[in-house]
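Me: Please take a close look at one strand of this model and the parts it pairs with. Then place it in the wider picture, and state the cut-offs as you go.

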Amino acid sequence: MEREHNNHYDVIVIGGGITGAGTARDCAMRGLKVLLVERHDYSTGATGRNHGLLHSGARYAVTDHESAVECIAENMTLRKIARHCVEETEGLFITLPEDDLNFQSTFVQKCNEAGIRAEVIDPALARVMEPAVNPELLGAVKVPDASVDPFRLTMANVLDAQLHGAEALVYHEVVDVLIEQNRVVGVKLRNNHNGEERSVYATVTINAAGIWGMLVAQMAGVKINMFPAKGSLLIFGHRVNNMVINRCRKPANADILVPDDAVCVIGTTSDRVPIETCDDMRVTAQEVELLLAEGMKLAPSLGSTRILRAYAGVRPLVASDDDPTGRSISRGIVTLDHEKRDGLAGFITITGGKMMTYRLMAEEVTNLACEKLGVAKQCTTATTPLPGSEPVAKTKKYSFAQKAAQGRHGTLDAGISSGDATSDALVCECEGVSVGEVHYAVNKLHVHNLINLRRRTRVGMGTCQGELCACRAAGVMCDGNAQRTINDLAGFMNERWKGMQPVAWGDNLAEAQLTARIYQRLLGVDRLASERRVEYYET
Amino acid sequence: MTTQTQTQNVSVNNFEQCLKCSICTVYCPVSAVTPLYPGPKQAGPDGERYRLKSKDFFDEKALKMCLNCKRCEVACPNDVHIGDIIQAARIKYSTHRPSLRDMMLANTDLVGTMASPFAAIANPVLKLKPMKAVLHGVMGIDKHRTFPDYSSRKFESWFKKEAAPTQDQYSKHVSYFHGCYVNYNYPQLGKDFVKVMNAVGYGVHLLEKEKCCGVALIANGMPKQARRQGEVNMQSMRKAIGQGHVVLTTSSTCTFTMRDEYAHLLGIDNHDVRGSISLATRFLHQLIEKGEIKLAFSSDYHKRVAYHSACHMERMGWVSYSTRLLKMIPGIDFVMLESQCCGISGTYGFKKENYERSQAIGDSLFQSIKEAAPDCVATDCETCKWQIEMSTGVPVENPISIIAEALDVEKTVEINK
């Protein structure tokens, strides 16, 4: 009976990372009735825990031609459709004295074969273009790398999916996959805020849960061979570089430095970890040391630049399907039609791939879903700009906060109230987030707590890591339930400390001590909070 | 283990050392009177992070409100050069060419050179209401302001004729950087300085070549000219220092500019000169402390003097040299005013767009001066003098002039022999 009514969908998409969001958008744009479900917040998994690098594909050119071709195509597409999420920084691949300069010609040749414009430049010119680069470099190649904000990109996809009629539920976790006669007919959801459970139904269920897709598949009784690979990164207090800096050699640890917004990020490491640890990743001292030591080879000034945080994500690596041993791991896109593969109809898994090929992944899986649903509509996601990136004349903005907000929300900044003293007052001074922007995020961008707010607006992501802004934001967001606000504040501050702890020395430690003084001794937040438990996964 | 990899945190003007405590904003005189100014923390270290991302984040209108008083730097517990960050950003990112007004206000020595010969005409004319209306309407120089009188005889001319010939008779010697104000507007301060130094046995000499220190050029967007003038001053000072002279001044702002702003904002290498530039009051106080000189004061000198701490005196940490020196005068009834900015900040307060803010900043200072009812206010900065005299009607003197007035010259000469 239930199924006949409101809770039957053409497609249920599991996972609010970039792949799920992109898939929901594509499905909705093709006229399907879509439900997107996410157990925590958007972009809490690998989507929000990477470099924020819009690869040119050059990194993969020598080792993985197919990925390189996908990257450069998506790179060019995202510059157009996600203008407000992308910063066109360009990138360098540098050869250091310890590297083999002969690799450079192979690299350039392979780039060209993949359609990536790779231009060998004089090291002296590279030093002028990017003054932070290691001055000892022997060679440099310029490629069309860029930086991209995955939080914004995910949100823009969700917003567009909703504009096309999709429904989206955050804090709704799939606790069971409903199967009738070898067909997945829906999922049982638990509301993670109040524990209530209910079932929702769909003709096709798409598993886009990243590394956790392995567990979702398990609930459906099918097995996917996945290999969680932990990658750790460091965030520096300000930009030392304005171009992406890579090492011109085969991909290795900590060889990419990306300028993201007002910071720069060095990464990554790569280590296999058990799936059980994926909900609470910790960065180790050894990883910090490795990242710093390798990072200093790209830009020596990193050795004396304040480090704000360390964080880690998990790559959803998938074994080639015919290889049960899991030796041949691909970083390419993997679409599993479980009807063909396992005899389980109505269930598709989309995984592997990379944050920046999300649109292509969404296109592939939506094609398959449409085929199953008998819908013959073409994909238009590559040519339709995302909300915020519409090509309209830029309105001139004056204040720091207005400019910063325009950078974050693109044309959607029109929805942010400004012009009066209250709206223009700053909540977050490091990142220029106004009261008006907080209201906008709370009203329009699915914000339930301070951590959600951070992902939408950068509140608390700056130098002070929440010291000044967290209590202000909590005050603006408080809806009358003071205890809940205090718990939220305590959780947020603990989450900030989690990332600072592995790099807590020097000025960063001084900052943390001042913060602790304010929130513990002065405000007594630790004593007032009724829940000390912090969902680390939320970080 | 990891701490060995990163042993220090280095950033331009220490902008990354900012712990976001916001104490600077509490002490900012501009933030206290207008919500339009984002405050030193925002305009300084916070803004710098975003300016490094894109120069589009340079907000000239906001940064221009900074007085460059450096009170933020005094307040900072973590040695962030907040004022320097703001001024350096203006130098680096401003694309505006200075207006005619700003060029005139900035070129203190050029304008002084032109005005001095016509002082008899220029002084009254500049005070006429129609002239002020023209300056206000056409030039943007606020009608409430009066330019300090130009002297018909420059200090340099007086010195060469009246003082220079007798200076070699002393056994010890100093060089004097008189600055524009002494030269063109108020030679009496220079004369007072010579009187005091001679009394304690020091011969005074001018620098081979002296240019305006350039503080007004920096503030008005002419860093190149400031750098050229700074280099000339450093060259001349190197020569003087080579002869064993200390270079003394009677202006806190000129001193601060040449000691600190040259290196921080203009990129002038002054490390070999900096330590030899000092304020006259500091130099005298240090000699007295060491027992090398003594001052004797006349017994019939009586005055109630209120001391105002100029911003750049605070920045250098030299207020106590001047106040302790003044307190040595037996006949002084000394009042210490609370340290706060008077609001003029050199040429800042002369601009009509800044006038109201300038007066609002100084308001509580003016009130406390009126309440203290002194015979005169003492301060080490000439632009504070103009502001306080205009706003309170109380005369303002440099501590050196007060020392000179109270000094028993004969006795002093005697005990220093």
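Reply: What follows starts with one strand and moves outward to the sheet, the domains and the partner chain.

The model is predicted: local features need pLDDT of at least 70, side-chain atom pairs count only at pLDDT 80 or more, and totals for chains, interfaces and linings use all residues. Residues are numbered from 1 along each chain as its sequence is written, while chains are lettered from A and ligands numbered from 1 in the order in which they are written.

The part chosen is strand S16 of chain A, residues 263-267. Helices (H or I, at least four residues) and strands (E, at least two) are DSSP runs, numbered from the N terminus. S16(A) is mostly covered, with 5 of its 5 residues buried. A residue is buried if 20 or more other C-beta atoms lie within 10 Å of its own, exposed if 12 or fewer, and partly exposed in between, with C-beta atoms placed from the backbone. In a regular strand the side chains alternate between the two faces of the sheet. On S16(A) both faces are covered: one side carries Val263(A), Val265(A) and Gly267(A), the other Cys264(A) and Ile266(A), and all are buried.

S16(A) has antiparallel pairings with strand S13 (residues 226-236) of chain A over 4 bridges and with strand S15 (residues 256-260) of chain A over 5 bridges. Two strands count as paired if DSSP finds at least two bridges between them. In the pairing with S13(A), Leu234(A) stands opposite Ile266(A). In the pairing with S15(A), Val258(A) stands opposite Val265(A). S15(A) and S16(A) form a hairpin with 2 residues between the strands, and there Asp261(A) takes a positive phi near 50°.

At the other end of the strand, a cis peptide bond joins Gly267(A) and Thr268(A), with omega about -10°. Thr268(A) is found in the loop between S16 and strand S17 (271-272) of chain A.

Another backbone exception in chain A is Tyr171(A), with a positive phi of about 55° although it is not a glycine. Tyr171(A) lies in the loop between strand S9 (167-169) and strand S10 (172-180) of chain A, and is buried, with 20 other C-beta atoms within 10 Å.

A second sheet can be set beside this one. In chain A, 3 strands form an open, antiparallel sheet in the order S3-S8-S4. Its edge strands, S3 (53-54) and S4 (86-87) of chain A, each pair on one side only. S4(A) and strand S8 (residues 146-148) of chain A are antiparallel over 2 bridges, and Glu87(A) stands opposite Ser147(A) in S8(A). Helix H3 (residues 65-81) of chain A packs on this sheet, touching S3, S4 and S8 of chain A, and its direction makes about 60° with that of S8(A). Axes are lines fitted to C-alpha atoms, for helices over the stretch in contact, and angles run from 0 to 180 degrees between N-to-C directions.

Next come the domains, with bounds from an automatic or database domain assignment. Chain A is divided into domain 1 (2-46 + 151-225 + 326-373), domain 2 (85-147 + 227-312) and domain 3 (400-538). The centres of domains 2 and 3 of chain A, taken over C-alpha atoms, are 29 Å apart. Their contact takes 15 residues from domain 2 of chain A and 14 from domain 3 of chain A. Two residues are in contact if their C-beta atoms, placed from the backbone, lie within 7 Å. On the side of domain 2 of chain A, helix H8 (285-298) and strand S18 (307-319) of chain A are the elements that give two or more residues. The largest share, 5 residues, comes from S18(A). By class, that side has 9 nonpolar, 1 polar and 5 charged residues. Ala, Val, Leu, Ile, Met, Phe, Trp, Tyr, Cys and Pro count as nonpolar, Asp, Glu, Lys and Arg as charged, and the others, Gly among them, as polar.

Taken whole, chain A has 18 helices and 23 strands. Its radius of gyration is 23 Å, close to the 24 Å that the globule rule gives for 539 residues, so chain A is as compact as a globular protein of that length. The radius is taken over C-alpha atoms, and the rule is 2.2 Å times the number of residues to the power 0.38. Buried residues make up 58% of the 539 residues of chain A.

Finally, 28 residues of chain B are in contact with 30 residues of chain A. The chain B side divides into 10 nonpolar, 10 polar and 8 charged residues.
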